[in-house]
Amino acid sequence: MPQLTESVTRLIEEFSKLPGVGRKSAERLTYHMLRVHKNEALALADAIRSVKENVRYCKTCFHLAESDECEICRDPRRDRSLLCIVEQPRDLIALEQAGVFRGLYHVLLGRIAPLEGVGPDQLTIEPLIERVRAGEFREIIMGTNPT
């Protein structure tokens, strides 16, 4: 019975480690990568490398940034008296795309989930408390999932 090459097997295994990607989806992604032009596949590899080398968490709010502070924290037009607390950067992005909030954010980088081994120490709660104590917020909005 023919075997897959080592490189193909490795790529399937790496794709299958992604959230929501099972073995069959990993195989489909791998065969897609084999079919596309080399430049397209390498562009994906370069984008992954760039994210891992350049993206970090903002030192102030923990949103995604490519410098010490994110664009939102650096924006002087934001209402610095409003703070919205969200679970993940994707939640912040959804609020920004809706255009409904013009204040500052704090990203917790998750939620407390004892059954999954996630407690307050794994989140950015301590920096949030320090930030609230040091700031002059008029309003703090909990923009997290009610669960």
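**Buried polar residues, nonpolar cores and salt bridges**

Asp75 is in contact with Arg80 and Arg102, residues up to four places away in sequence being left out of the count. The model described here is a predicted one. Asp75 belongs to the loop that joins α4 and β3, and with a relative accessible area of 11% it is classed as buried, because buried means under 20% relative accessible area.

A second buried polar residue, Thr30, is located in helix α2. Its relative accessibility is 1%, so Thr30 counts as buried. Apart from neighbours within four places in sequence, the contacts of Thr30 are Val8, Leu11, Ile12 and Phe15.

The largest nonpolar core contains 14 residues, and those that touch the most other members are Cys58, Cys70, Val86, Leu92 and Tyr105. Two or more residues of this core are supplied by each of α4 (71-74), β3 and β4 (103-107). Strand β3 provides the largest share, namely three residues. The surroundings of Tyr105 comprise Cys61, Ile72, Arg78, Leu83, Cys84, Val86, Leu92, Leu95, Glu96 and Arg131, again without residues up to four places away in sequence. A second core, separate from this one, has six residues, among them Ile12, Phe15, Val21 and Met33. Ile12 and Phe15 also appear among the contacts of Thr30.

Seven salt bridges are present in the structure. One of them joins Arg23 and Glu27, with 3.2 Å between the closest N and O atoms. Both residues are in helix α2 (residues 23-35), and because they are four residues apart, about one helical turn separates them. Arg23 has a relative accessible area of 45% and is therefore partly exposed.

A further salt bridge is formed by Asp46 and Arg49, whose closest N and O atoms are 3.6 Å apart. This pair is in helix α3 (residues 38-54), where a spacing of three residues means that Asp46 and Arg49 are separated by about one helical turn. Asp46 is partly exposed at 46% relative accessibility, and Arg49 is likewise partly exposed, at 47%.

The side chains of Asp79 and Arg138 also form a salt bridge, with an N to O distance of 3.4 Å. Here the partners are 59 residues apart and link distant parts of the chain: Asp79 is in strand β3 (residues 79-86), whereas Arg138 is in the loop between α6 (125-134) and β5 (139-142). Asp79 counts as partly exposed, given its relative accessibility of 27%. Arg138, with a relative accessible area of 59%, is exposed.

On the surface, Val51, Val55, Tyr57 and Leu64 make up a nonpolar patch of about 330 Å². Tyr57 is part of strand β1 (residues 56-57). The relative accessibility of Tyr57 is 46%, so this residue counts as partly exposed; the patch criterion requires over 30% relative accessible area.

Methods:
Residues are numbered from 1 along each chain as its sequence is written. This is a predicted model: local features need pLDDT of at least 70, side-chain atom pairs count only at pLDDT 80 or more; totals for chains, interfaces and linings use all residues. Side-chain values use heavy atoms; hydrogens and water are left out. Patches are made of residues with over 30% relative accessible area and no salt bridge: like charges are joined within 9 Å, nonpolar side chains (Val, Leu, Ile, Met, Phe, Trp, Tyr) within 5 Å. Accessible areas come from the Shrake-Rupley method with a 1.4 Å probe; for residues, only the protein chains shown count as cover. A salt bridge is a side-chain nitrogen of Lys or Arg within 4 Å of a carboxyl oxygen of Asp or Glu. Buried means under 20% relative accessible area, exposed over 50%, partly exposed in between (1.4 Å probe, protein chains only). A nonpolar core is a set of buried Ala, Val, Leu, Ile, Met, Phe, Trp, Tyr and Cys residues joined through side-chain atoms within 4.5 Å. Contact means heavy atoms within 4.5 Å.
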